[in-house]
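Colleague: I am still learning to read models of this kind, so please take me slowly through one part of this one, the largest nonpolar core.

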Amino acid sequence: MKATIFDGHTTRPYTPQDQDVLSPDTPFVWIDVRADGAHDPQVGPFLASLGFSDVMATYTSRGDGSGMFQQFDGNLVGATWAAPDSGNEPVLVHLVWNSARMVTIRDGGDRVMAQVKQEIDGRGVHLFSQPSAVPGVVMELILGSLDRRLTDIGEGVDALDEQIIDRVAPAQLQQLRVLRGQLSPLARRLPTYLDNVSEALTDPTSLPGVDATGAQYLQAYCGRVQSTVSRVGNVDDSIRNAAQDYQTEVGNKQGNRINQLTIVSILFLPVTFLTGYFGMNFQWLVNSTMSFGTWLTLGVVLPIVTVLVSAGILARRGFSLGGKKQNQDGDV
């Protein structure tokens with residue numbers, strides 16, 4: 001386990017000496033705990049050293065991220081989600097807050113947390129002077145990392161869909177599976193999380209230590225969760241549409257191949273008839289086709305003429321070897 005302390009402007013490692021100086025009378029700080037796994041045994045004693053109960057330590061070791069914001073011993077406990085540093089599973093970030101400090105506990109999302117602190121830097125001193133506003137602001141910034149991830153997935157789907165429509169290829173289906181794999185964990189976790197957050201934050205002013213300003217930021221966070229869940233649905237629809245486009249283009253491609261084979265069969269059907277007719281071993285027919293001129297006429301010129309005539313008839317009716325028929329205006 002590794003803990004850092006952030007005062008709104010600078011970040012430094014947390015030391016045991018900080019435990020002795022942190023109190024409701026000291027400036028508000030954010031303590032970020034990077035746990036070694038979902039059930040790091042060091043997290044419980046660390047929270048206890050900060051004055052938090054065993055119940056809160058147990059809550060912050062949960063892996064389901066129910067999104068329930070609850071009161072324990074005058075402290076606010078909740079959770080949010082962050083984009084992973086690698087892989088597809090979002091990172092669950094637990095949060096414990098009171099008027100003196102805020103503690104986040106996580107086992108990933110290092111890049112996101114660094115970005116959040118960078119975004120807060122510059123306005124952190126003013127923000128930390130209003131401790132009740134800190135949870136809503138920080139959670140919204142953390143959740144914003146999922147919006148950026150959704151943007152990347154959505155752009156990837158749109159670009160792939162354009163490629164599919166332009167020219168379908170088997171590798172595109174695997175790319176769709178990869179994009180769906182990136183979205184699935186969000187689609188599985190966030191809708192339930194939204195339901196719980198909406199219920200818990202119906203009246204944020206009822207939470208301990210949350211004033212009107214803090215309630216406003218928590219309600220804004222709830223709206224951000226709703227927006228994120230809506231975006232998950234939109235991206236999921238885009239993936240489904242791209243998959244349908246892939247199936248449609250593959251079907252069209254197969255249909256064109258069948259039409260091409262049909263046209264080729266029609267072109268050579270007269271030649272097939274001629275081959276079958278002159279291939280019959282009737283003596284009078286054999287005796288009548290003994291000369292070189294007859295062979296040249298019936299064996300070379302006539303098949304070529306029949307193929308050309310068949311091709312001309314098909315072309316006049318709008319067919320091409322591409323397997324498509326054009327209307328009178330020339331549209332496919």
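Modeller: Helices (DSSP runs of H or I with at least four residues) and strands (DSSP runs of E with at least two) are numbered from the N terminus, and on that basis the protein chain has ten helices and seven strands. This is a predicted model, in which local features need pLDDT of at least 70 and side-chain atom pairs count only at pLDDT 80 or more, while totals for chains, interfaces and linings use all residues. Residues are numbered from 1 along each chain as its sequence is written, and side-chain values use heavy atoms, leaving out hydrogens and water.

Let us begin with the whole chain. Of its 332 residues, 40% count as buried, that is, under 20% relative accessible area with a 1.4 Å probe, taking protein chains only. Among contacts (heavy atoms within 4.5 Å) with a separation of 6 or more, 68% join residues 24 or more positions apart.

Now to the core itself. In soluble globular proteins, nonpolar side chains tend to be buried together. A nonpolar core here is a set of buried Ala, Val, Leu, Ile, Met, Phe, Trp, Tyr and Cys residues joined through side-chain atoms within 4.5 Å. The largest has 59 residues, and the members that touch the most others are Trp30, Phe69, Ile120 and Tyr221. Two or more residues come from each of the strands β5 (75-82) and β6 (91-97) and the helices α4 (110-120), α5 (124-128), α6 (134-166), α7 and α8 (212-278). Helix α6 gives the largest share, with 13 residues.

Tyr221 shows in detail how such a member is surrounded. When neighbours within four places in sequence are set aside, Tyr221 is in contact with Phe69, Ala79, Thr80, Gly136, Met139, Glu140, Leu143, Tyr193, Val197 and Leu201. There is also a second, separate core of 20 residues, which includes Ile5, Ala35, Phe52 and Val96.

Helix α7 also holds a buried residue worth following. Gln172 is found in this helix, which covers residues 170-200, and it counts as buried because its relative accessibility is 6%. A polar atom of the Gln172 side chain lies 3.0 Å from the backbone oxygen of Arg167. Beyond its neighbours within four places in sequence, Gln172 is in contact with Leu160, Gln163, Ile164, Arg167 and Tyr246.

Technical notes: Buried < 20%, exposed > 50% of the residue type's maximum accessible area, 1.4 Å probe, protein only. Polar contact = N/O pair within 3.5 Å; in protein donor to acceptor, adjacent residues only side chain to side chain.
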